[in-house]
Amino acid sequence: MDHSQKLLVSTAFFPPVSYVHALLSANEIWLEAHEHYVKQSYRNRCYIYGANGILRLTAPVDHGKGEHIKVTEVKLSTHHTWKNQIWKSLQTAYRTSPFFEYYEEDLADTFHADIRTLFEWNFKLLSTCLSLIGIEKNIQHTTSYIPAWPEDTIDIRQLHPKSSRGISLSPPANSYHQVFEGKHGFIPNLSILDLMFNLGPRTINYLMP
C-alpha cells in the first residue's frame, strides 16, 4: 500500500490480520461512522484458531427488525454472559500460546468496560490492540456517509469474511507458529489476537509493510 494513500475502513470486532496490516501501511485512516450496520460481517464477528480449527466469535447486538440502522447506534446485547463466554473461548484457545499471559490483563479490562454500543466497544478493542502491539495511528471518524471517495483512497468498508460478498485484502505472506498448527496446519488472516498471542512483541515486525 502506498503510504500517501488514505484508508477507509468499517468498524471491526478484533479485526483480521489483513485489516491491521492495512492500518499500519496507511498514512491517513478514516473509520466509517455513518454507514448502515451490516450483519454477519467483521463488524461483530472475528475468527480465532481453536482446537478444532477456525472458531467464529460473535459479539451479539440488539439491532431491531429494521435493516437500515446507523452503525454507531447498534447496541450491544444486554445479556450478561456473552462477554464471559467470549473471554473463556479466548482462554481455551490461547492459554498455552507464548504470549497470552503477556496481554491477558489489558485485554480482560476491555471486557469489563461499561460500553453500550458495538461501535464504541470495537474502537476500544482496536485501540487497545494497537497500543499493545506498539502501533501509533491517528484514526479519524467520518462526518458523513460518502459512497465513493477520491481515487487515492483505499476503501475496504466492504471487507467481508466471505470475500465473494465484498472485497478481499491480503495479509502478510509469511506464516508463523500457531498453537494448533500441528493438527490443522497454518490458518492465515485470523483475528489480530491470534498473531499477538503467538508472536507477542514481534507482532509489529510481522505486520510491517
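Across which strands does helix α4 lie? Select residues 118–133 in this predicted model. Helix α4 lies across β2 and β7, and runs at about 170 degrees to β7.

Next, show the strands beneath that question. They belong to an open sheet of four strands, in the order β7-β2-β1-β8, with parallel pairing. Select 139–141 for β7 and 153–155 for β8: these are the edge strands, and each pairs on one side only. From one strand to the next, the twist averages 25 degrees.

Stay with the sheet and select residues 28–31, strand β2. Three bridges join β2 to β7, and the two run parallel. Pick Trp30 here; its bridge partner in β7 is Gln140.

Now select residues 17–25, helix α1. Helix α1 lies across β1 (6–9) and β2, with a direction about 150 degrees from that of β1.

Return to α4 and add helix α3, residues 100–111. Two packed helices are described by the angle between their axes and the distance between the axes. The axes of α3 and α4 come within 10 Å and cross at roughly 165 degrees. An angle over 145 degrees counts as roughly antiparallel, so α3 and α4 are roughly antiparallel to each other. The crossing of α3 past α4 is right-handed.

Finally, display the side chains where the two helices meet. On α3, select Tyr103, Asp106, Leu107, Thr110 and Phe111. They meet Trp121, Lys124, Leu125, Thr128, Cys129 and Leu132 of α4. Of the residues in this contact, seven are nonpolar, two polar and two charged.

Notes:
Residues are numbered from 1 along each chain as its sequence is written. This is a predicted model: local features need pLDDT of at least 70, side-chain atom pairs count only at pLDDT 80 or more; totals for chains, interfaces and linings use all residues. Side-chain values use heavy atoms; hydrogens and water are left out. Two strands pair if DSSP finds at least two bridges between them. Axes are lines fitted to C-alpha atoms, for helices over the stretch in contact, and angles run from 0 to 180 degrees between N-to-C directions. Contact means heavy atoms within 4.5 Å. Angles under 35 degrees count as roughly parallel, over 145 as roughly antiparallel, 65 to 115 as roughly perpendicular and the rest as oblique. A crossing is left-handed if the near helix is turned anticlockwise from the far one by less than a right angle, and right-handed if clockwise. Ala, Val, Leu, Ile, Met, Phe, Trp, Tyr, Cys and Pro count as nonpolar, Asp, Glu, Lys and Arg as charged, and the others, Gly among them, as polar.
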